[in-house]
Amino acid sequence: MIRQGQWLTANFQHAAYDTIVFSMPLALKGQDLKQVANGANDSMFKMLARALVSTGRGDDVVRLGWEFNLPAYPWSAIEQPKAYANAFRRAVKAMRSVPGTEHLRFEWNFGRGGQPVNELAYPGDEFV
């Protein structure tokens, strides 16, 4: 996954687009959101942030843990809305710890047709 992120950012390094939206999983298959909230994926998030900054994409959008109200993803917030919010905050903090990411933006995105959105899954304005 990390190599894919580096490949992707490198391919868009000189793109003429003002903004690119990169989707990033919040949790990997078999992971619990509480593990993510405790830092299990910090190195992965920081690596993507470094790749974005090094390719001049440090002001783009990261669609982090997308469509969280659908059951298909390991980061689904249906059963654990608070854990999802905590994991999202942790990921944003990890990425923002990388110099050059002060203009990086994060998208909080639910899926159309999924379960109702539980407001407890919202990580807060300073993270979205």
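Student: How far does H3, with its 13 residues, reach from its first C-alpha to its last?
Tutor: Helices are DSSP runs of H or I with at least four residues, strands are runs of E with at least two, and both are numbered from the N terminus. The expected span of a helix is 1.5 Å times one less than its number of residues, and for H3 that comes to 18 Å. H3 is close to this expectation, reaching 18 Å.

Student: What kind of model is this?
Tutor: Residues are numbered from 1 along each chain as its sequence is written, and side-chain values use heavy atoms, with hydrogens and water left out. Local features need pLDDT of at least 70, side-chain atom pairs count only at pLDDT 80 or more, totals for chains, interfaces and linings use all residues, and the model is predicted.

Student: In what order do the elements run from the N terminus on?
Tutor: There are four helices and three strands in the chain. Read from the N terminus on, their order is α-β-α-α-β-α-β.

Student: Which strands stand at the edges of the sheet?
Tutor: Two strands count as paired if DSSP finds at least two bridges between them. Three strands make an open sheet in the order E1-E2-E3, with parallel pairing. An edge strand here has a single partner, so one of its sides is left without a neighbour in the sheet, and that applies to E1 and E3 (105-107).

Student: In E3, which residue is the bridge partner of Val62?
Tutor: E1 and E2 pair over four bridges; Val21 has Val61 as its partner, Phe22 stands opposite Val62, and Ser23 stands opposite Arg63. E2 and E3 pair in the parallel sense over three bridges. In E3, the partner of Val62 is Phe106.

Student: Which side chains of E1 point to one face and are buried?
Tutor: In a regular strand the side chains alternate between the two faces of the sheet. Buried means under 20% relative accessible area, exposed means over 50%, and partly exposed is in between (1.4 Å probe, protein chains only). Along E1, Val21 and Ser23 point to the other face and are not buried. That leaves the buried pair, Phe22 and Met24.

Student: What is the relative accessible area of Phe22?
Tutor: Phe22 sits in strand E1, and its C-alpha is separated by 9.6 Å from that of Glu107, 85 residues away along the chain. Phe22 is buried because its relative accessible area is 3%.

Student: At about what angle does H3 run to E1?
Tutor: Axes are lines fitted to C-alpha atoms, for helices over the stretch in contact (heavy atoms within 4.5 Å). Angles run from 0 to 180 degrees between N-to-C directions. H3 lies across E1 and E2, and its angle to E1 is about 165 degrees.

Student: Which helix gives the largest share of the largest nonpolar core?
Tutor: A nonpolar core is a set of buried Ala, Val, Leu, Ile, Met, Phe, Trp, Tyr and Cys residues joined through side-chain atoms within 4.5 Å. The largest one has 33 residues, and those with the most contacts inside it include Leu26, Phe45 and Phe88. Elements giving two or more residues are E1 (21-24), H2 (33-37), H3 (42-54), E2 (61-64) and H4 (81-96). The largest share is eight residues, and it comes from H4.

Student: Which elements are included in what covers the buried residues of H4?
Tutor: H4 has 16 residues and reaches 23 Å, and its buried residues include Pro81, Tyr84, Phe88 and Met95. Leu26 touches several H4 residues, among them Tyr84, Ala87, Phe88 and Ala91. The cover over the buried residues of H4 includes H2, H3, E2 and E3.

Student: What is the phi of Glu67, about?
Tutor: Most residues other than glycine have a negative phi, and most peptide bonds are trans. Glu67 lies in the loop between E2 and H4 and is partly exposed, with a relative accessible area of 21%. Glu67 is not a glycine, yet its phi is positive, at about 45 degrees.

Student: And which glycine just after H3 takes a positive phi?
Tutor: H3 ends in a stretch with buried residues such as Ala51 and Leu52. Just after this helix, a phi of about 75 degrees belongs to Gly56.

Key: Lists of a residue's contacts leave out its neighbours within four places in sequence.
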